[in-house]
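I opened this notebook to record what I looked up in one structure. The entries follow the order in which I checked things.

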Amino acid sequence: MIDLASDLTCDAFLGGSLQIMQPRHGFRAATDPVLLAAGVSAQPGNHVLELGCGVGVALLALGRREPGLCLSGIERQADYAALARRNAALNGVEAEIVTADLAAVPLLLKRPFDHVLVNPPFYAAHAPAPTDAGRAAARHEETPLAVWIDIALRRLRPGGWLTMIHLAERLPDILTQIGARAGSIAVRPLAARHGRRTGRILLQAQKGSRGEFRLLSPLILHAGEAHAQDGRDFTPEVRGVLRGGAALGG
């Protein structure tokens, strides 16, 4: 359990416009949830659900960029869900955060959403896990990827959009699980630097669509050939997302 009174840090996202309380030693959000939020093309009045919202970074980053959204999140770890509620209040962003397992979505979230965000655990359940229980639960796939995708698509209204960030090597699995339930799939490779292999992908899919598959130009995260200094070598496009809260165009 996280000591919500003392075992926390307050970290700045979006150039300081978003302040996030998160565990000092547990799972700590970094760039992925902000990139996930940047990939969502939500409009005021849209209903948005994040599965496994953690401390709320992606949901609140999206709410900061697009005021007027109806934001909901589900998080099974009670202490992380409590932090997500605290962060929403801290930043003046209204969000409904429910503590529950996504495999047993509570009745109040069984309604259609315009957008569902998903940042599932990246690593297989049998991979070596961190000793911190919260970090292990956030990083390791206890609930199968197929369940995450199935629940996401079930919660979308017809024509609604799934947005997901995951490892590039899991793209075949993701496409298999989506199957014919969604189309107009757009995949943006995320590469650390020019000439480096794609490590992660950002995917969007529209429920019920039969639109064509698109492979977008890669998003290069860092400029130059080698790491210079933390936070100082992001490419201009990525800096606009991480510091300025910009959206990623399709």
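Entry 1, the cavity. I looked up the volume of the largest cavity and noted about 50 Å³. The model is a predicted one. My search of the whole structure gave 1 cavity of 30 Å³ or more. I then asked which elements give two or more residues to the lining of the largest cavity. They are helix H1 (32–38) and helix H2 (57–65). Among the lining residues I wrote down Leu14, Val34, Ala61, Arg65 and Val241. Sorted by class, the lining has 8 nonpolar, 1 polar and 1 charged residues.

Entry 2, the nonpolar cores. I found that the largest nonpolar core holds 43 residues, and that Phe13, Leu35 and Val48 have the most contacts inside it. At least two residues each come from strand S1 (8–13), strand S2 (18–23), H1, H2, helix H3 (78–91) and helix H7 (236–242). H2 gives the largest share of this core, 6 residues. I also noted a second, separate core of 30 residues, which includes Leu51, Val118, Met164 and Ala168.

Entry 3, one residue. What does phenylalanine 13 touch, leaving aside its neighbours within four places in sequence? I listed contacts with Leu18, Ile20, Gln22, Ala29, Ala30, Val34, Val57 and Leu242.

Entry 4, the chain overall. I counted 7 helices and 13 strands. Of the 250 residues in the chain, 52% are buried. For contacts between residues at least 6 apart in sequence, I noted that 67% join residues at least 24 apart. The chain exposes about 11300 Å², and carbon and sulfur atoms supply 53% of that area.

Key. Residues numbered from 1 in each chain as written. Predicted model: local features only at pLDDT ≥ 70, side-chain atom pairs only at ≥ 80, totals over all residues. Heavy atoms only, no water. Helix = DSSP H or I, 4+ residues; strand = E, 2+ residues; numbered from the N terminus. Buried < 20%, exposed > 50% of the residue type's maximum accessible area, 1.4 Å probe, protein only. Contact = heavy atoms within 4.5 Å. Areas by Shrake-Rupley, 256 points an atom, 1.4 Å probe, with all protein chains shown as cover. 1 Å grid on protein atoms, 1.4 Å probe; cavity = no way out; pocket = protein on both sides within 12 Å on 5 of 7 lines; lining within 4 Å. Points joined across faces, edges and corners; volume = space filled by probe spheres on them. Nonpolar A, V, L, I, M, F, W, Y, C, P; charged D, E, K, R; others polar. Core = buried A, V, L, I, M, F, W, Y, C linked by side-chain atoms within 4.5 Å.
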